[in-house]
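Good morning, and thank you for making time for this presentation. Please bring up the model, and I shall take you through it part by part.

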Amino acid sequence: MSTKKLDAIARKSRARRSTKIVLHNGLIALLCFIWLIPIIWLVCTSFSAYPGKNTSTFFPKEWSAVHYAKLLTPDTVNQFPTWFLNTFRIACWTCLVSTAFVLMVAYAMSVMRFRGRKSLMNFAVLLNLFPGMLAMIAVYFTLKTFGLTNSHIGLVMVYSASSGLGYLIAKGFFDTVPRSLCEAARLDGCNEAGIFLNIVLPTAKPIIVYTVISSFLTPWMDFVYAKMILNAGISANYTVAVGLYKMLEKSLINTYFTQFCCGGVLVSIPISILFFIMQKFYVQGVTNGAVKG
Amino acid sequence: MGGKPQAYPRLRRRPDNIATILCQFFADFGKAMAKGDLFVKLTLIWWGAGCLRRKQYAKALILTLLEAGVIWFTCGFAMAYVPKFATLGTVQAQQVFNMQTMQSEWNDYDNSFMILLFSLFSFVVWAAALVLCMKSVIGAYRLQFDSQNGLHINSFREDLQEYLDQKFHITLLSLPVLGIVIFTLIPILLLILVAFTNYDQQHMPPTNLFRWVGLTNFATLFGGGITSTFGYAFWRILGWTLVWSFFATLTNYFGGILMSLLINSKLTRGGKLWRTLLVVTIAVPQFVSLLLMRNFFANTGIMNTLCERIGLTAALRSAGLISTSYIPFLSAPGWAHVMIILINIWVGVPYQMLIATGVLMNLPSDQLESARMDGANPFQIFRAITMPYMLQVTGPALVTDFVKNFNNFNVIYLLTQGVYVTTNQLMANSQAKEVDLLVTWLFTLTQDYYNYKMASVIGIMVFVVCAVFTLIGFNFMLRGDKEGTYQ
């Protein structure tokens, strides 16, 4: 075969490969574009000069950042800065309690061996099968009896009290901590509490970061529970989710839709940052733990 | 332990199922009562007695205080509610004119809900007290045994030390378990009880009483009278809930795997960037993104304007697929069902993509290489190597995902609440919509119609269905219990 012919074949296969690459990346780009349309629409609409819903064009007719300014100056309906602070405060407390609970339960279930451990785990699986909504209805009445509805304490309790049930991912991680490490510590006269605090926790940084961020994000992402607990209260007590939802009520949507979009963008920014930090641990944690049941 | 004799004969092999544990607990208790001295027997009445006899003063004091607390709780609180548990209260709330104050005042009425809630709470407290009492009897006998055989008896400090060492799990678990009992277990039990009462809008405490009605609500759901449409609505909604969970789980699962294969392929340029773009869509909270979608696909929304402009609406109308001047993306049965599943793909696939990426990173690459050597095409590799591996690792997660989707409140509620109005009179009679899942129906029933009795029955049914699917699912899936692998 002449070199010319070989060259031609090589060029052809190279060409085929590069068209393949172009097609492949084109497909990915298309998919990503489809996935991003709502986000693009959110950001574009938030910069619209028109306060209500834009139904005729995808992009706003007039661009302006005036609604961001409006969103940050409270009026009778919109108290976004207060909502943001409320959510932040609730998130901090939830994060504190949930993280402690999850790590405690996970350690006890993973590292320690005691009677009734398996039974407790099975019981947790059983409890998880009941719709959370059902328990919430009763919790609502209980909280109401104690005057804790429309209060942030009640909401923090709702978010964090049962968080111990979500211990599986952290347990999956603790399961991979080498047992020999604990044995060595025990031989050195370390008690179980010491092993937990000084040996296991320092090696469990990824799962701690994951638990902290995911429990911090719960109040930001949640809508139903916040609506149930805070719905009847005053606007200054709302979280971002409840507040923004109220903006879309039929009588308000035409004056507040753009502000809703601004609020959506402003909430999404900190969440996205945290999510990107968590992303790595999310994959690690989930693939280590939960999926293996 | 060294050469020290065993303090108290205990079972060597520790059984770990609830029946054996209970049997042994009762056997221990019986033995303690039979062989114990006067103080052990006295412990049954005065919890601190046994400890006091063995000079464990601090522990005796704590137990006595606890007992006093339980007695105070019983007399001061529980007795006001528990005796009325059988009837759930008999005194209807009324306004009575008081001659002394010249004002009308409420009479001393019964509140059925409080009676139910606090009775249940009392039962839980009493059950805990009973266990504590029996435990202290067993403990007292153990102390007697130890002291008779001249063995070491723990000081209070040593007892406390134990809670940081052998009994550390009790320290760790007590608070989380308390949280779960109060915020999950008691509420669930409470609503199971409500399913057997007639607690609804006509029987709302405090102004009205509700009472036990036995299995009537279950009969309403399954038998249905002539007027009741709950049975009709229930089977319809259950059917759609199952269809939805099936498609939502499957589309997300395979969509996630395909997406992850696509992005992690060798042909991809700038893989991290693409993944980041997709993750942005997860980071936007669902109440923002879904409420936005709802307006995007609204009857007068932008999607309809676009479809109108390109002539799609007219084409569909002439094809007889729609009869309105707009495309009812989220407001007509059929259309809404499909749209919800499609939008859920948008919501869920990036999540599954992240998980699948993590799992596929550990895919044994030697198998892939040898398959490629043997000339397998990408589809064959996917079918014979990638998928079996994925299924093996994430199989159980598929079952939990199914249950999660079965109870997926957010997607349905945020997309259809206030937008979708049912035209089916039978559904409307039961306050249901064609696109409702059982959980959203349950939510509407309680939030808007105060129909707690039916909501509780539906909740129980949800549990039954989820439990059945979980059992079947886990029996089919190979359960990869890796608990002991690394330890």
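I begin with the division of chain A, in what is a predicted model. Chain A falls into two domains, domain 1 covering 3–66 and domain 2 covering 68–292. Between the C-alpha centres of domain 1 of chain A and domain 2 of chain A there are 35 Å. How many residues of each domain are in contact? On the domain 1 side of chain A there are eleven, and they meet twelve residues of domain 2 of chain A. Helix α1 of chain A, residues 3–46, supplies the largest share of the domain 1 side, namely four residues. Sorted by class, that side of domain 1 of chain A holds six nonpolar, four polar and one charged residues.

Let me turn to chain A as a whole. Its secondary structure consists of 13 helices, with zero strands. Read from the N terminus, every element in the run is therefore an α, as the order α-α-α-α-α-α-α-α-α-α-α-α-α shows. What is the radius of gyration of chain A, set against that of a compact globule? The value for chain A is 26 Å, whereas a compact globule of 293 residues would come near 19 Å. The C-alpha trace of chain A extends about 80 × 70 × 30 Å along its principal axes.

Two further figures describe the packing of this chain. Buried residues make up 43% of the 293 in chain A. Taking contacts in chain A between residues at least 6 apart in sequence, 73% of them link residues at least 24 apart.

One helix of chain A deserves a closer look, and that is α5, residues 132–145. Its 14 residues, at 1.5 Å a residue, should span 20 Å, and the end C-alpha atoms are indeed 20 Å apart, so expectation and model agree. Is α5(A) mostly covered or mostly open? It is mostly covered, with twelve of the 14 residues buried. Among the buried residues of α5(A) are A:Met133, A:Leu134, A:Met136, A:Ile137, A:Val139, A:Tyr140 and A:Phe141. A:Gly132 and A:Thr142 are buried in this helix as well. Just after α5(A) comes A:Gly147, whose phi is positive at about 65 degrees.

We come now to the contact between the two chains. It draws 80 residues from chain A and 87 residues from chain B. On the chain B side, helix α7 of chain B, residues 168–194, gives the largest share, 17 residues. By class, the side of chain B that touches chain A comprises 57 nonpolar, 23 polar and seven charged residues. For the complex, the predictor reports an ipTM of 0.84 and a pTM of 0.84.

Chain B is likewise assigned two domains, domain 1 spanning 18–203 and domain 2 spanning 221–476. The centres of domain 1 of chain B and domain 2 of chain B, taken over C-alpha atoms, are separated by 45 Å. Nine residues of domain 1 of chain B and nine residues of domain 2 of chain B take part in their contact. On the domain 1 side of chain B, the residues are five nonpolar, three polar and one charged.

Some backbone details in chain B merit attention. Where is the cis peptide bond in this chain? It joins B:Pro205 and B:Pro206, with omega at about 5 degrees. B:Pro206 belongs to the loop between α7 and α8 (216–222) of chain B.

Two residues that are not glycines take a positive phi: B:Gln431, at about 55 degrees, and B:Tyr450, at about 50 degrees. B:Gln431 sits in the loop between α18 (425–429) and α19 (438–447) of chain B. Why does B:Gln431 count as partly exposed? Because it has 18 C-beta neighbours inside 10 Å, and the class of buried residues begins at 20. B:Tyr450 is placed in the loop between α19 and α20 (452–476) of chain B. With 15 other C-beta atoms within 10 Å, B:Tyr450 is also partly exposed.

I close with confidence. Chain B has a mean pLDDT of 85, and 93% of its residues reach 70 or more. Over residues 1–7 of chain B, pLDDT stays under 50, and the model has three contacts there beyond four places in sequence. Residues 480–487 of chain B also stay under 50, with ten such contacts. Where pLDDT is low, the predicted coordinates should not be interpreted in detail.

Definitions and conventions
Residues are numbered from 1 along each chain as its sequence is written. Chains are lettered from A and ligands numbered from 1 in the order in which they are written. This is a predicted model: local features need pLDDT of at least 70, side-chain atom pairs count only at pLDDT 80 or more; totals for chains, interfaces and linings use all residues. Helices (H or I, at least four residues) and strands (E, at least two) are DSSP runs, numbered from the N terminus. The radius of gyration is taken over C-alpha atoms; the globule rule is 2.2 Å times the number of residues to the power 0.38. Two residues are in contact if their C-beta atoms, placed from the backbone, lie within 7 Å. Ala, Val, Leu, Ile, Met, Phe, Trp, Tyr, Cys and Pro count as nonpolar, Asp, Glu, Lys and Arg as charged, and the others, Gly among them, as polar. Domain bounds come from an automatic or database domain assignment. The expected span of a helix is 1.5 Å times one less than its number of residues. pLDDT is the predictor's confidence in each residue, from 0 to 100.
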